[in-house]
Amino acid sequence: MNKKPELIISSLDADRLYELMESLPAGSFAGEKELEAELGRATIVEPKDMPSTVVTMNSTVNFIVESTQEEFTKTLVYPKNADANDDKISILAPVGSALLGLSQGDEIEWPKPNGGVIKVKIKAVTYQPERVGELHR
C-alpha cells in the first residue's frame, strides 16, 4: 500500500482553488474529485509559514526521472495562465493537482503521452512565490 505524502498548502492557494472549483460546472475537468480530496487532506498554513521546499501555485519545479536521471522543469499554474508552452502545467490537470503541496524529495507517477507512467522525483522547487513574498499573483 502506498502511503500518500504529507501535503502543505497556503491559505491563499486553498481559497483561490476553492473559488476556481466553485466557478466551474460540476464535472468539467478530469481531476475534480482528486483536487478536492487533496485540498481536504492538506495542512493549510499562512503564506508566511510556507516551507520553501513545498510546491505552491506558480512554483517552478525541477524534476528528475528515476529510470533515466533525465531532468525537466515545469511551473504549476492556474488554467488562465496555461498555454501550449510545455513548461507549464495547469492545476486542473490530474498531474497538476497531484503536485500541489508536495515537497522536495517527494515522488510522483507522471503520465506519459503514449500511455503508462514514469516515476519522477521533485529535485528542487527553484521558484516559490511565498519564498520571495509575491502573494498577489
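# Close-up views of a predicted model

**View 1. Ser11 at the start of the tour.** At 15% relative accessibility, Ser11 counts as buried. Buried means under 20% relative accessible area, exposed means over 50%, and partly exposed lies in between (1.4 Å probe, protein chains only). This is a predicted model, in which local features need pLDDT of at least 70 and side-chain atom pairs count only at pLDDT 80 or more, while totals for chains, interfaces and linings use all residues. Residues are numbered from 1 along each chain as its sequence is written, and side-chain values use heavy atoms, with hydrogens and water left out. Ser11 belongs to helix α1 (residues 11-23). Helices (H or I, at least four residues) and strands (E, at least two) are DSSP runs, numbered from the N terminus. Setting aside neighbours within four places in sequence, Ser11 contacts Ile44, Val45, Glu46 and Pro47. Contact means heavy atoms within 4.5 Å.

**View 2. The whole chain, for orientation.** Three helices and seven strands make up the elements of the chain. Their order from the N terminus is β-α-α-β-β-β-β-α-β-β. The radius of gyration is 14 Å, close to the 14 Å that the globule rule gives for 137 residues, so the chain is as compact as a globular protein of that length. That radius is taken over C-alpha atoms, and the rule is 2.2 Å times the number of residues to the power 0.38. Along the principal axes, the C-alpha atoms fill a box of roughly 40 × 35 × 35 Å. Of the 137 residues, 43% count as buried. Take the contacts between residues at least 6 apart in sequence: 58% of them join residues at least 24 apart.

**View 3. The surface and its charges.** About 7,700 Å² of the chain is exposed, and carbon and sulfur atoms supply 51% of that area. Accessible areas come from the Shrake-Rupley method with a 1.4 Å probe; for residues, only the protein chains shown count as cover. There are 15 positive and 22 negative side chains. The centres of the two sets lie 3 Å apart. Lys and Arg count as positive and Asp and Glu as negative, with His and the chain ends not counted. Each charge is placed at NZ of Lys, CZ of Arg, CG of Asp or CD of Glu.

**View 4. Strand β4 and its partners.** Five of the seven residues of β4 (residues 71-77) are buried, so this strand is largely enclosed by the rest of the structure. Strand β3 (residues 60-65) pairs with β4 in the antiparallel sense over five bridges. Two strands pair if DSSP finds at least two bridges between them. Phe63 stands opposite Phe72 in β4. Strand β5 (residues 88-90) runs parallel to β4, joined by three bridges. Here Leu76 has Ile89 of β5 as its bridge partner.

**View 5. The turn between β3 and β4.** These two strands form a hairpin with five residues between them. Gln69 sits in the turn. Its phi is positive, about 65°, although Gln69 is not a glycine. Most residues other than glycine have a negative phi.

**View 6. Strand β7 between two pairings.** Strand β7 (residues 117-127) pairs with β3 in the antiparallel sense over six bridges. Asn62 stands opposite Ala124 in β7. Strand β6 (residues 107-111) also runs antiparallel to β7, and five bridges join them. In this pairing, Ile108 has Val120 as its partner in β7. A hairpin links β6 and β7, with five residues between them. Gly115 in that turn has a positive phi of about 100°.

**View 7. The loop between β2 and β3, seen at Val54.** Val54 lies in this loop, which follows β2 (43-45). At 1% relative accessibility, Val54 counts as buried. Not counting residues up to four places away in sequence, Val54 touches Ile8, Ser59, Gly101, Leu102, Ser103, Val125 and Gln128. His136 is 82 residues from Val54 in sequence and 18 Å away in space, C-alpha to C-alpha.

**View 8. Pro47 and Asn58 in the loop between β2 and β3.** Pro47 lies in this loop, and at 10% relative accessibility it counts as buried. Leaving out neighbours within four places in sequence, Pro47 contacts Ser10, Ser11, Leu12, Glu130 and Leu135. Ile9 is 38 residues away from Pro47 in sequence, with 8.5 Å between the two C-alpha atoms. Asn58 is found in this loop too. Its relative accessibility is 15%, so Asn58 counts as buried. Phi of Asn58 is near 70°, a positive value in a residue other than glycine.
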